[in-house]
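Thank you for making time for this, everyone. Please have a look at the sequence and the structure, and then I will walk you through them slowly.

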Amino acid sequence: MSQRTDDPRPSRAGTPPAPGPREKTPPPGVETSAESPFWRRKTLDAMNKAEWESLCDGCGRCCLVKLEDEDTGQIHFTDVACKLFDAAGCRCADYAHRRRKVRDCIKLTPETVRSLAWLPPSCAYRLIAEGRDLAWWHPLVSGSAATVHEAGVSVRGRVAASETEVALDDYPGHIVAWPGKWPRPAKRKAATGRTRAAGGRRRDKA
């Protein structure tokens, strides 16, 4: 993803006798009210570890194996999951040691979020980096880790196989487009009195 930055500079009419320090303007999408949830008040860089980890909605899309076209550099998602991915639970089976066991597992940081073009458009890290709000199915909004599955956003039920079960030559036959697209509109379930709560899969922050 390319980082979008806007730097509107207001014109000055005259020169003040003693200009003070320029007031900082919050980035697009960032609110200043103390009553707003943290993801609306903070940029990715300003979040603490607990806030950072709670941003993951547990969809599992980033845990799908991706192929890179050697000629164009284009990234293609497959419906084949990482060998550590628990398809039923929709989570990493050994998150704490995943990078030791899967060498090409990428550690998400504010910097990598802004540079990885293949991050799903529904990814909370990408949404915040782009100055957008979280979707209604996100556990921080719904108060339930189940809504990402109920809304049909997660990979639950859509993983064809683990990478340990697929031969390298067979990967092209598993290329799919849906992980890189915004999920189709899903119907919300009736309100159940849920409130915002921290939850979701963890993601490391530098």
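Before I begin, one definition: two strands are said to pair if DSSP finds at least two bridges between them. With that in mind, strand β2 and strand β6, residues 175-176, are joined by two bridges and run antiparallel, so they count as a pair under that rule. I should also say at once that what you are looking at is a predicted model, and that every value I mention is computed from it.

Let me step back to the overall layout. The protein has seven helices and six strands, and if you follow the chain from the N terminus, the order of elements reads α-α-β-β-β-β-α-α-α-α-α-β-β. Of its 206 residues, 38% count as buried. Among the contacts with a separation of 6 or more, 65% are made by residues 24 or more positions apart.

Now to strand β2 itself, residues 75-81, which pairs with several partners. With strand β1, residues 64-68, it pairs in the antiparallel sense over four bridges, and one position to look for there is L67, whose bridge partner in β2 is H76. The hairpin formed by β1 and β2 has six residues between the strands, and in this hairpin G73 takes a positive phi near 80°. On the pairing with β6, T78 has I175 as its bridge partner. With β5, in contrast to the antiparallel pairings, β2 pairs in the parallel sense over two bridges, and here A81 stands opposite S162 of β5. Is β2 enclosed or open to the outside? Five of its seven residues are buried, and therefore the strand is largely enclosed by the rest of the structure.

Just past β6, in the segment that follows it, you will find W178. The C-alpha atoms of W178 and F77 are separated by 8.2 Å, although the two residues are 101 residues apart along the chain. If we leave aside its neighbours within four places in sequence, W178 is in contact with R61, L64, V155 and R158.

Next, the interior. In soluble globular proteins, nonpolar side chains tend to be buried together. In this model the largest nonpolar core has 31 residues, and those with the most contacts inside it are W39, L44, L55 and Y125. The elements that give two or more residues to this core are α1 (38-41), β2 and α5 (124-129), and the largest share, three residues, comes from α5. To see what one of these core residues touches, take L55: beyond its neighbours within four places in sequence, L55 has contacts that include F38, W39, L44, Y125, I128 and L140. Apart from this core lies another one, of six residues, among them C59, W137, A151 and V153.

What surrounds S154, in the loop between α7 (147-150) and β5 (161-162)? Setting aside residues up to four places away in sequence, S154 touches G58, C59, C90, V148 and H149. Its side chain makes a polar contact with the side chain of H149 at 2.7 Å, and the side chain of S154 also reaches the backbone nitrogen of R156 at 3.3 Å. S154 has a relative accessible area of 4%, and so it is classed as buried, since the cut-off for that word is under 20%.

C90, which is one of the residues that S154 touches, deserves a moment of its own. C90 sits in the loop between β3 (85-86) and β4 (91-92), and it is buried as well, with a relative accessible area of 2%. Most residues other than glycine have a negative phi. C90, however, has a positive phi, near 55°, and is not a glycine.

Finally, let us turn to empty space. Rolling a probe the size of a water molecule over the atoms shows where such space is left. The second largest pocket holds about 630 Å³, and 26 residues line it, with C62, K66, D104, C105 and I106 lying nearest its centre. Both β1 and α3 (98-101) supply at least two residues of that lining. Which element gives the largest share of the lining? That is β1, with five residues, and β1 is also the strand that pairs with β2 over four bridges.

Technical notes
Residues numbered from 1 in each chain as written. Predicted model: local features only at pLDDT ≥ 70, side-chain atom pairs only at ≥ 80, totals over all residues. Heavy atoms only, no water. Buried < 20%, exposed > 50% of the residue type's maximum accessible area, 1.4 Å probe, protein only. Polar contact = N/O pair within 3.5 Å; in protein donor to acceptor, adjacent residues only side chain to side chain. Contact = heavy atoms within 4.5 Å. Core = buried A, V, L, I, M, F, W, Y, C linked by side-chain atoms within 4.5 Å. 1 Å grid on protein atoms, 1.4 Å probe; cavity = no way out; pocket = protein on both sides within 12 Å on 5 of 7 lines; lining within 4 Å. Points joined across faces, edges and corners; volume = space filled by probe spheres on them.
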